[in-house]
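Thank you for giving me a few minutes this morning. I would like to walk through one structure with you, and I will try to go slowly and to name each residue as we come to it. Please have a look at it first.

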Amino acid sequence: MSEILSPEGLRCDGRRPHEMRKLKCEVGIAQDADGSAIVEQGYTKVLVTVYGPRECENRAKRTNDRAIISCSYNKATFSSGVRMRKMVTDKKSTEVSVMIQNTFEAAVLLEKFPKSQIDIFVQVLQSDGGERCVAINATTLALINAGIPMKDYVCACAATVYQDTALLDINHLEEFSRGPLFMLAVMPKSEQIVQLQLDNRLHNDHLDKVVKQTIQGCKDMQVLLDRKIKRKEQ
């Protein structure tokens, strides 16, 4: 696996360990949605559309004092060269849908919209690692574009460790290098963690460094997303 990190300390895409992938994003691109955003980080590309707040159609789920959030996460069959069984893909999509829903229930000011629902649709168009993080970052932009108030931006970043070196904002090759996969979603102003996921074991010797670098990655992402929003408003 020498292609993960070269002797010169460069990753397979030319980045240094702490460097983020190139970011491209656009908001308000879906005319039929209340809010929308498309975010590219490296070769991973995610489209998010938001509908609502609107009257909750399901009376059993309706709450009198706050809105509810529903999320649907799907990965286009052409997004990756890797083929998976449909049942496995559906299970993973359901898990990611619930994760995104839980993440934004902690950030959106739901009490401002009683008896309402907010629907989030996430579509992975291109897949090259870090899809969960890109989906969260795109959802933040789409919610802001829809005018839905939040406590703060929610920004996500993932990292792994290879040969005792922490690699930030991982691509597909790094994500499947059999190392630990550490993902954080943070509200950067307060550094409040709203989502944390760890796949595979992370040694205690690496934990503090990985957490600090990942939080810093979330803060850097917030600056970039905020810059895009302000440009859109001008």
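Let us start at G130, which, if we leave aside its neighbours within four places in sequence, is in contact with R21, I170 and E175. Before I go further, I should say that what you see is a predicted model, and that the values I quote are computed from it. G130 sits in the loop between β5 and α2, the helix that covers residues 131–145. Is G130 buried or exposed? Its relative accessible area is 10%, and since buried means under 20%, G130 counts as buried. There is also a link to a distant part of the sequence, because buried is not all we can say about G130: G130 and K45 are 85 residues apart in sequence, and yet their C-alpha atoms are 9.9 Å apart in space.

K45 takes us to the strands, so please keep this residue in view while I cite its partner: in β3, K45 is the bridge partner of E40. The two strands concerned, β2 and β3, pair in the antiparallel sense over seven bridges. They form a hairpin with two residues between them, and in that turn G42 has a positive phi of about 60°.

On its other pairing, β2 is joined by five bridges to strand β1, residues 23–27, and these two strands run antiparallel. Here E40 appears again, as the bridge partner of K24, and E40 is also paired with K45 in β3. How many residues of strand β2 are buried? Six of its seven residues, which are numbers 35–41, are buried, and the strand is therefore described as mostly covered. As a general point for those of you who are new to this, in a regular strand the side chains alternate between the two faces of the sheet.

Strand β3, residues 44–55, also pairs with strand β5, residues 116–126, in the antiparallel sense and over nine bridges. One example of this pairing is T49, whose bridge partner in β5 is F121. There is a further feature in β3 that deserves a moment of your time, namely P53, which has its place in this strand. The peptide bond that joins G52 and P53 is cis, with an omega of about 0°.

Which way do strand β4 and β5 run with respect to each other, parallel or antiparallel? Strand β4, residues 68–75, is joined to β5 by eight bridges, and the two run parallel. I68, for instance, has Q117 as its bridge partner in β5. I68 also helps us to place E111, which is found in the loop between α1, residues 86–105, and β5. E111 and I68 are 43 residues apart in sequence, while the distance between their C-alpha atoms is 9.5 Å. If we do not count residues up to four places away in sequence, E111 touches D65 and R66.

Two residues with a positive phi come next, neither of them a glycine. D169 has a phi of about 55° and lies in the loop between β7, residues 165–168, and α3, residues 172–175. E191 has a phi of about 60° and lies in the loop between β8, residues 181–187, and β9, residues 192–199. Their surroundings can be set side by side: D169, at 4% relative accessibility, counts as buried, whereas E191, at 40%, counts as partly exposed.

Let me close with the chain as a whole. It has four helices and nine strands, and along the sequence they follow the pattern β-β-β-β-α-β-α-β-β-α-β-β-α. The radius of gyration is 18 Å, close to the 17 Å that the globule rule gives for 234 residues, so the chain is as compact as a globular protein of that length. The C-alpha atoms fill a box of roughly 55 × 40 × 35 Å along the principal axes, and 49% of the 234 residues count as buried. Among contacts between residues at least 6 apart in sequence, 70% join residues at least 24 apart. Finally, the accessible surface comes to about 12,300 Å², of which 48% belongs to carbon and sulfur atoms, and the mean positions of the 33 positive and 30 negative charges are 2 Å apart.

Definitions and conventions. Residues are numbered from 1 along each chain as its sequence is written. This is a predicted model: local features need pLDDT of at least 70, side-chain atom pairs count only at pLDDT 80 or more; totals for chains, interfaces and linings use all residues. Side-chain values use heavy atoms; hydrogens and water are left out. Two strands pair if DSSP finds at least two bridges between them. The radius of gyration is taken over C-alpha atoms; the globule rule is 2.2 Å times the number of residues to the power 0.38. Buried means under 20% relative accessible area, exposed over 50%, partly exposed in between (1.4 Å probe, protein chains only). Contact means heavy atoms within 4.5 Å. Accessible areas come from the Shrake-Rupley method with a 1.4 Å probe; for residues, only the protein chains shown count as cover. Lys and Arg count as positive and Asp and Glu as negative; His and the chain ends are not counted. The place of a charge is taken as NZ of Lys, CZ of Arg, CG of Asp or CD of Glu.
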